[in-house]
Amino acid sequence: MATHMIVDGERLVRRLKELGSLGVDQDGRLTRLAATDADKLGRDLFVRWAKEAGLEVFIDRIGNIFAIYETSENSGAAPVMMGSHIDTVIDAGKFDGCYGVLAALGVIEAVKSAGIHLARPLVVAAFTNEEGVRFTPDMMGSLVYVGGMDVEEALQAVSIDGKLLGHELERIGYAGKRDPRFPAPEAYVELHIEQGPVLESFGMQIGVVEYLQGISWQRITIDGVANHAGTTPMDLRRDAGYAAAKVMDFVHDLAMKYSTEMVGTVGSIDFEPNAINVIPSRATLTVDLRSPREERLLAAETALADEIRSISNTLGVSVRSETLARTKPVEFCDDIVDRIERIAELRGFKSVRMTSGAGHDAQMMARLCPTAMIFVPSARGISHNPDEYTPDLDLINGAHVLLDLIIDLARKH
Ligand code: HGY
Ligand code: MN
Ligand code: MN
């Protein structure tokens, strides 16, 4: 029976719970939006744990946190990087992002305490604003890190509450001095909860992530004319609210048409003046379209643009659309994917190859270096929801696959 190295699972579970207790708002909702005081609480706790583990910690100009473990024998070699994010959505679960960051820290602590000699330094990254809820685009910290967005432009991003990211990072003490682009890592691996139903429904313990679907985010602003809800005949209205409802309906039907190869979500909508007896003068809504096939995503974006023009003409409203984020589908590194599959088998875990429905920092890191992801099951496929849950054993299994993979990748030049 092979003896395997282990990560301190009890400490991982305990840390997840502790980090998950920070940033609970007055309504009891876990909400650590990027560069808020709540985000600072999570950041400070992670930095404390990393320093207590004896790692060198530095912050880059977009607020990405890097915790580094290097020795005299491997200093200067391109590191193997693990990471994810610790910012959350609104009313979030405790595992999304945080699991990957804390498991990576646990992996380094296991390597250190076992005195394993590696040819490469190890790094844990906690990227800024992965969720993209407060500032867009999402995966912003890793996008800047890989050179996909200029750091000055990113620091000028304006939040949904009207703040500049650069000022907010200063305010919370995470406006680092280092220019993004830590020496490009040799490889990047992200461990994450699946956030979907596949692994649990297939009875699998590990997801070997080969692909990640493309994402298209846009904000649509519809301008009509406010008028009296009681006196204005239906055919004389320029109703921005009704136009928004037609856009929502179209997005849903578009995704249903492409079935498993498309998902479409209108996650946020706002009416002005938002009064029961006033026909809305303005409606602002966001559209999230995703597909594993770029041509499908492009076709969906074109179909939506055509529909918006038609709604505008029919209802006499003006409609404009602004792209908030756009990423193509990503194929991860075959060699690392194969290693993950082999390691899961050696550990005795059932695994399945799959595509990620959610966006992750790994999709940006894939532009820079060989990259792959490891998933563990999400109970009932629920995520971005306080009921998000993964059993302790699954969390520890994933950390063990990460541990073996990182040693495998960092052992030789
Ligand atoms: O939107 C996403 O897929 C990720 O949670 N940011
Ligand atoms: Mn995530
Ligand atoms: Mn998320």
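**Exercise 1. Is Leu402 buried or exposed, and what is its relative accessible area? Work out which residues it touches.**

Step 1. The model is a predicted one, and the place of Leu402 in it is in helix 12.

Step 2. Leu402 has a relative accessible area of 1%, and since buried means under 20%, Leu402 counts as buried.

Step 3. When neighbours within four places in sequence are left aside, Leu402 is in contact with Met82, Ala103, Ala104, Val107, Val189, Leu191 and Ile374.

Step 4. As a further comparison, take Arg14, which stands 388 residues from Leu402 along the chain; the C-alpha atoms of these two residues are separated by 19 Å.

**Exercise 2. Describe the coordination of the manganese ion (ligand 2), and state which parts of the chain its histidines tie together.**

Step 1. The donors of the manganese ion (ligand 2) are His85 through NE2, Asp96 through OD and His192 through NE2, at 2.1 to 2.3 Å.

Step 2. Read along the chain, these donors of ligand 2 follow the spacing H-x10-D-x95-H.

Step 3. His85 lies in the loop between strand 3 (80–84) and helix 3 (98–114), whereas His192 belongs to strand 5 (residues 187–193), so the pair ties together parts that are 107 residues apart in sequence.

Step 4. Both of these histidines, His85 and His192, are buried.

**Exercise 3. Do the same for the manganese ion (ligand 3), and find which residue coordinates both ions.**

Step 1. The manganese ion (ligand 3) is coordinated by Asp96 through OD, by Glu131 through OE, listed twice, and by His384 through NE2, at 2.1 to 2.7 Å.

Step 2. The spacing of the donors of ligand 3 along the chain is D-x34-E-x252-H.

Step 3. Glu131 sits in the loop between strand 4 (122–126) and helix 4, and His384 in the loop between strand 16 and helix 12, so that this pair, 253 residues apart, links distant parts of the chain.

Step 4. The two residues fall into separate accessibility classes: Glu131 is buried, with a relative accessible area of 8%, while His384 is partly exposed, with a relative accessible area of 42%.

Step 5. The residue sought is Asp96, which bridges the manganese ion (ligand 3) and the manganese ion (ligand 2), and these ions lie 3.5 Å apart.

**Exercise 4. Characterise the packing of helix 1 against helix 3 by angle, handedness and residue class.**

Step 1. The axes of helix 1 (residues 9–20) and helix 3 come within 10 Å and cross at roughly 140 degrees, and the crossing is right-handed.

Step 2. From helix 1, the residues Arg11, Leu12, Arg15, Leu16 and Leu19 meet Cys98, Tyr99, Leu102, Ala103, Leu105 and Glu109 of helix 3.

Step 3. Sorted by class, the contact of helix 1 with helix 3 contains eight nonpolar, three charged and no polar residues.

**Exercise 5. How many aromatic pairs are there, and what are the geometry and setting of the pairs Phe66 with Tyr145 and Phe95 with Tyr389?**

Step 1. With ring centres required to lie within 6.5 Å, the count comes to six aromatic pairs.

Step 2. Phe66 and Tyr145 are 5.4 Å apart, centre to centre, with 40 degrees between the planes, and the pair is tilted.

Step 3. Phe66 is in strand 2 (residues 65–69) and Tyr145 in helix 4 (residues 140–145), so this pair ties together parts that are 79 residues apart in sequence.

Step 4. Both rings belong to buried residues, for Phe66 has a relative accessible area of 1% and Tyr145 one of 0%.

Step 5. Phe95 and Tyr389 form an edge-to-face pair, at 6.2 Å centre to centre and with 80 degrees between the planes.

Step 6. Phe95 lies in the loop between strand 3 and helix 3, and Tyr389 in the loop between strand 16 (371–376) and helix 12 (392–410), so the pair ties together parts that are 294 residues apart in sequence.

Step 7. Phe95, at 10% relative accessibility, counts as buried, but Tyr389, at 40%, counts as partly exposed.

Step 8. Phe66 and Tyr145 also belong to one aromatic cluster, which they form with Phe58, Phe127 and Tyr188.

**Exercise 6. Where does Lys350 lie, and which residues does it contact?**

Step 1. Lys350 is in the loop between helix 10 (334–346) and strand 15 (351–356).

Step 2. Apart from neighbours within four places in sequence, the contacts of Lys350 are Gly203, Met204, Gln205 and Ile206.

Step 3. Leu199 is 151 residues from Lys350 in sequence, and the two are 9.7 Å apart in space, C-alpha to C-alpha.

Methods: Residues are numbered from 1 along each chain as its sequence is written. Chains are lettered from A and ligands numbered from 1 in the order in which they are written. This is a predicted model: local features need pLDDT of at least 70, side-chain atom pairs count only at pLDDT 80 or more; totals for chains, interfaces and linings use all residues. Side-chain values use heavy atoms; hydrogens and water are left out. Donors are N, O and S atoms within 2.8 Å of the metal (3.2 Å for Na, K and Ca); water is not among the atoms, so sites may look incomplete. Helices (H or I, at least four residues) and strands (E, at least two) are DSSP runs, numbered from the N terminus. Buried means under 20% relative accessible area, exposed over 50%, partly exposed in between (1.4 Å probe, protein chains only). Axes are lines fitted to C-alpha atoms, for helices over the stretch in contact, and angles run from 0 to 180 degrees between N-to-C directions. A crossing is left-handed if the near helix is turned anticlockwise from the far one by less than a right angle, and right-handed if clockwise. Contact means heavy atoms within 4.5 Å. Ala, Val, Leu, Ile, Met, Phe, Trp, Tyr, Cys and Pro count as nonpolar, Asp, Glu, Lys and Arg as charged, and the others, Gly among them, as polar. Rings of Phe, Tyr and Trp (its six-membered ring) pair if their centres lie within 6.5 Å; planes under 30 degrees apart count as stacked, over 60 as edge-to-face and the rest as tilted.
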